Amino acid sequence: MAAPIIYRDIETPNIRSLAVYREKGGYKALEKALNDMSPAAVVEEVKKAKLVGRGGAGFPTGLKWELVSKDPATPRYIIANAEEGEPGTFKDRPILEQIPHRLIEGMAIAAYAVGAEEGVIVCRGEFMEPARILREAVAEAEEAGLLGERIMGKDFTFRVWVYRTAGAYICGEETSLLEALEGKPGMPRIRPPFPVNSGLWSKPTALNNVETFSNVPNIILEGADSYSSLGTEKNAGTKGYCIAGHVNKPGVYELPFGITLRDLIDNHAGGILDGRQLKCVFPGGASSSCLTPDNLDVVLDFPSVAAAGSMLGSAALMVVAEPTCMVEVSLRLARFFRHESCGKCIPCREGTCQTVRLLDGIQRGTGRKGDIDEILDLASVVRQSAFCGLGQACINPVVSCIKHFRQEFEEHLEGRAACCRKEEG
Amino acid sequence: MSANVQVIPESTRERLRELFERFPRKPDALLTALYIVQEDCNNLASEVLDELAAVMEMPKSIMYEVVTFYHLYSTKPRGRNIILICQNLCCYLRSSDEIYQAVYEELGIRPGETTEDGRFTLETAECLAACERAPAMMINEKTFGPVDPAQVKAILKKY
């Protein structure tokens with residue numbers, strides 16, 4: 001099935017170039033918005049389409065834009081979050097590298113809707129190549145009068161520049177991203193105030209994920225009703241599902257919300273690698289709790305995955321097959337969060353270090369009898385007291401591994417696990 | 001150390017002046033300024049930061065906080081080519097440990113180390129947003145994957 005919206009035309013040769021993008025109808029949505037719609041009508045259309053943020057939080061995009069547009073302070077800013085760093089997520093990279101004008105067009109429509117004249121695409125530090133491609137695309141759009149002053153002859157000015165942070169997972173969190181954009185360590189700010197009122201340089205800022213913006217041209221061109229005819233009642237449209245790990249065909253599959261986990265694995269990702277047995281799936285990246293084969297029929301939209309005890313997040317499905325050691329999996333995820341904890345609040349900074357220490361002892365068989373329960377206690381404290389979403393979520397995956405595979409942890413602790421013996425040598 | 005020798009060359013200072021024009025205040029441009037200086041001076045050692053502090057008109061301590069907060073800045077000499085290998089879950093499940101081992105066998109370096117000839121520095125990386133190509137690695141700006149340990153030698157040869 002061809003990708004219906006976000007990745008539509010991505011297979012077209014040289015769709016990266018402005019000329020080919022325009023041949024495929026590119027910038028027609030911007031033209032329609034500028035010619036036929038008021039800024040408020042654009043906001044209304046996006047609200048009606050029930051578009052929600054694709055970065056993980058699922059906040060209604062139209063509402064966000066409305067809040068920005070109604071804040072009297074100026075200038076206002078548009079920011080695309082291209083920090084794509086949640087482990088297992090690789091849905092934005094193809095947009096940035098292959099069809100960058102869809103993002104730029106989406107941002108320009110957003111700018112018109114909220115009354116912003118400046119936009120920034122904030123890439124993660126490792127995205128050197130995507131950043132270069134984006135800069136070329138921005139230059140092309142400027143050259144063609146699609147960015148800059150008096151766009152399409154209208155009283156509408158919008159400029160975009162491309163920025164690169166320097167390697168920190170936390171910068172995907174919106175207020176950390178803003179700190180990084182202002183030249184500081186990417187430590188989260190307290191909310192409220194939210195970026196819609198106090199974002200970049202304390203000005204109203206519409207900060208959305210790359211994938212969110214990339215849906216907008218379609219909503220404007222085809223209309224909200226057509227858009228929301230896809231998906232489930234709660235989540236309209238499509239999602240770029242990323243699936244990787246132990247599957248035969250890892251990749252990004254753009255599908256309407258409402259597909260089940262089983263359908264995605266079996267009918268799109270080619271089934272479990274080499275016919276092995278499924279062990280578990282982390283459906284929303286490294287900070288989501290794992291689902292077991294009992295949950296294969298869960299519908300992959302935000303409320304359904306939450307009801308199953310996890311979260312869809314950025315729809316980064318990391319699939320784990322037998323025989324994989326879940327203590328090692330837990331340790332990998334725990335080390336990741338220890339490394340990426342920004343150090344601002346003690347619960348997260350210490351909680352991530354202690355989780356690694358305890359897991360390491362369990363894996364080596366040098367831990368104490370109560371260590372498994374101590375991780376669970378620690379997790380509960382960190383969940384309730386950490387400053388930001390990273391800290392609140394970071395021990396959840398380990399807790400879920402213990403919950404579903406406790407026996408493996410006990411075997412390691414008692415020195416009975418064969419899988420990790422080599423670590424001791 | 002001679003007082004009048006600049007570790008940040010004039011050409012780099014010119015690049016910084018151009019950069020500052022785009023930001024409301026100089027300190028706002030710090031992340032990009034650090035990239036520019038690291039690119040031209042190899043790394044962000046103490047004496048480099050001393051000079052940059054004067055250029056940026058901000059305390060060295062604040063710059064040091066930023067330099068050590070982010071993974072892609074280095075205060076130590078770096079090789080001409082930077083290798084990043086993902087160690088996160090999807091790549092681990094697709095045997096990324098074998099890629100580290102293959103690089104070690106070829107170059108004799110572990111994460112954080114630089115070859116004696118200054119050709120390569122190896123660093124660990126967290127998810128590179130290339131999980132469909134796991135195990136993934138980057139050399140400078142280019143992403144490779146799925147990397148077969150047997151290909152590592154041939155890939156490195158190009159640098």
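A residue is counted as buried if 20 or more other C-beta atoms lie within 10 Å of its own. The structure described here is a predicted model. By the criterion just given, the buried residues of helix α4 (residues 61-70) of chain A are A:Thr61, A:Gly62, A:Lys64, A:Trp65, A:Glu66 and A:Val68. These buried residues of α4(A) pack against α3 (39-48), α6 (100-114), β4 and α9 (210-222) of chain A.

One of the elements packed against this helix, strand β4 (residues 205-209) of chain A, is itself mostly covered, with five of its five residues buried. In a regular strand the side chains alternate between the two faces of the sheet. Both faces of β4(A) are covered: A:Thr205, A:Leu207 and A:Asn209 are buried on one side, and A:Ala206 and A:Asn208 are buried on the other. Strand β4(A) runs parallel to strand β1 (residues 77-82) of chain A, to which five bridges join it. Within this pair of strands, A:Leu207 of β4(A) stands opposite A:Ile79.

Chain A as a whole comprises 17 helices and eight strands. Buried residues account for 55% of its 425 residues. The C-alpha trace of chain A spans about 75 × 45 × 35 Å along its principal axes. Because a compact globule of 425 residues would have a radius of gyration near 22 Å, the 22 Å of chain A agrees with that expectation. Among contacts in chain A between residues at least 6 apart in sequence, 70% join residues at least 24 apart.

Chain A also contains an open sheet of four strands, with the order β6-β5-β8-β7 and mixed pairing. Strands β6 (251-256) and β7 (278-282) of chain A form the edges of this sheet, each pairing on one side only. From one strand to the next, the twist averages 25°. The edge strand β7(A) is joined by four bridges to strand β8 (residues 316-321) of chain A, and the two run antiparallel. Within this pairing, A:Cys280 has A:Val320 in β8(A) as its bridge partner.

Chain B has seven helices and four strands, which follow the pattern α-α-α-α-β-α-α-β-β-β-α along the sequence. Of its 159 residues, 37% count as buried. The C-alpha trace of chain B spans about 50 × 35 × 25 Å along its principal axes. For contacts in chain B with a separation of 6 or more, residues 24 or more positions apart account for 59%. The chain is divided into domain 1 (10-69) and domain 2 (81-157). The C-alpha centres of domain 1 of chain B and domain 2 of chain B lie 29 Å apart.

The four strands of chain B form an open sheet in the order β2-β1-β3-β4, with mixed pairing. Its edge strands are β2 (120-125) and β4 (142-144) of chain B, each of which pairs on one side only. Neighbouring strands of the sheet are turned by 20° against each other on average, direction ignored. Helix α6 (residues 97-107) of chain B packs on this sheet, where α6(B) touches β1 (81-86), β2 and β3 of chain B. The direction of α6(B) makes about 150° with that of β1(B). Strand β3 (residues 137-139) of chain B is joined by three bridges to β4(B), and these two strands run antiparallel. One residue of this pairing is B:Ile139, whose bridge partner in β4(B) is B:Lys142.

The two chains meet in a contact that takes 28 residues from chain B and 39 residues from chain A. On the side of chain B that touches chain A, α2 (30-41), α4 (60-69) and α5 (89-93) of chain B each supply at least two residues. The largest share of this side, four residues, comes from α5(B). By class, the side of chain B that touches chain A has 21 nonpolar, two polar and five charged residues.

Terms used
Residues are numbered from 1 along each chain as its sequence is written. Chains are lettered from A and ligands numbered from 1 in the order in which they are written. This is a predicted model: local features need pLDDT of at least 70, side-chain atom pairs count only at pLDDT 80 or more; totals for chains, interfaces and linings use all residues. Two strands pair if DSSP finds at least two bridges between them. Axes are lines fitted to C-alpha atoms, for helices over the stretch in contact, and angles run from 0 to 180 degrees between N-to-C directions. Two residues are in contact if their C-beta atoms, placed from the backbone, lie within 7 Å. Domain bounds come from an automatic or database domain assignment. Ala, Val, Leu, Ile, Met, Phe, Trp, Tyr, Cys and Pro count as nonpolar, Asp, Glu, Lys and Arg as charged, and the others, Gly among them, as polar. The radius of gyration is taken over C-alpha atoms; the globule rule is 2.2 Å times the number of residues to the power 0.38. A residue is buried if 20 or more other C-beta atoms lie within 10 Å of its own, exposed if 12 or fewer, and partly exposed in between; C-beta atoms are placed from the backbone.
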